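Student: Could you take me through one part of this model in detail? I'd like a close look at the nonpolar core, and at how a single residue sits in it.

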Amino acid sequence: MTEIPQLGGVITPDDISRKGTGTYSADYVNWAKIAHLLNTKANGFLFCLREAPEGGHIWRAPDGTGYVVGYFTDGSVVTPDFPQACQDHKNNPIQFERITARTLTDTHRRCLCTAAAFAFSLG
């Protein structure tokens, strides 16, 4: 059986970027760096989005907003599902009918990073 890698401590200070200024600044690790670390250190685990019951990858929340459900698999092991809200630039949830292709791609990358922190302690 495949063991789920634990990647806590893999990120170095050189991997951290800052965006914004003043009280609106935030430190983060770019999604491409997270993907690179997963590809080189996570034993073949791939990130996937679950298909929603209505089709596609956007799930409808009870309040009318949308979210995705991400997970990792290496073909034999599947990590627990990790939901990620579709959000605007201020991290407010977006109503299902207003979700665009850009919303989906942004949410996919956010979910990749947060699910990697959840499943592998990466980040």
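Tutor: Start with the largest nonpolar core, which has 28 residues; those touching the most other members are Ile34, Leu38, Phe47, Phe72, Ala116, Phe120 and Leu122. At least two core residues come from each of helix 1 (31-41), strand 3 (46-49), strand 5 (66-73) and helix 2. The biggest giver is helix 2, with 7 residues. Keep in mind that this is a predicted model.

Now zoom in on Phe120, which belongs to helix 2 (residues 101-120). Its relative accessible area is 0%, so Phe120 counts as buried, the cut-off being under 20%. What does Phe120 touch, once you skip the neighbours within four places in sequence? There's a run of residues at Ile4, Pro5, Gln6, Leu7 and Gly8, and then Leu38, Phe45, Phe72, Thr79 and Ala115. Two of these partners, Leu38 and Phe72, are also on the list of core residues that touch the most other members. For a sense of what lies far from this spot, take Gly55: its C-alpha is 28 Å from that of Phe120, and the two are 65 residues apart in sequence.

Leu38 is worth a look from its own side. With the neighbours within four places again left out, Leu38 is in contact with Leu7, Phe72, Leu112, Ala116, Phe120 and Leu122. Leu7 and Phe72 turn up among the contacts of Phe120 as well.

Stepping back to the whole protein chain, you get 2 helices and 6 strands, in the order β-β-α-β-β-β-β-α along the sequence. The chain is as compact as a globular protein of its length, because its radius of gyration is 15 Å and the globule rule gives a close 14 Å for 123 residues. Along the principal axes, the C-alpha atoms fill a box of roughly 45 × 40 × 20 Å. Buried residues account for 36% of the 123. As for contacts, take those between residues at least 6 apart in sequence: 56% of them join residues at least 24 apart.

And the outside? The protein chain exposes about 7,600 Å², with 53% of that supplied by carbon and sulfur atoms. There are 11 positive and 12 negative charges, and their mean positions are 7 Å apart.

Conventions: Residues are numbered from 1 along each chain as its sequence is written. This is a predicted model: local features need pLDDT of at least 70, side-chain atom pairs count only at pLDDT 80 or more; totals for chains, interfaces and linings use all residues. Side-chain values use heavy atoms; hydrogens and water are left out. Helices (H or I, at least four residues) and strands (E, at least two) are DSSP runs, numbered from the N terminus. The radius of gyration is taken over C-alpha atoms; the globule rule is 2.2 Å times the number of residues to the power 0.38. Buried means under 20% relative accessible area, exposed over 50%, partly exposed in between (1.4 Å probe, protein chains only). Contact means heavy atoms within 4.5 Å. Accessible areas come from the Shrake-Rupley method with a 1.4 Å probe; for residues, only the protein chains shown count as cover. Lys and Arg count as positive and Asp and Glu as negative; His and the chain ends are not counted. The place of a charge is taken as NZ of Lys, CZ of Arg, CG of Asp or CD of Glu. A nonpolar core is a set of buried Ala, Val, Leu, Ile, Met, Phe, Trp, Tyr and Cys residues joined through side-chain atoms within 4.5 Å.
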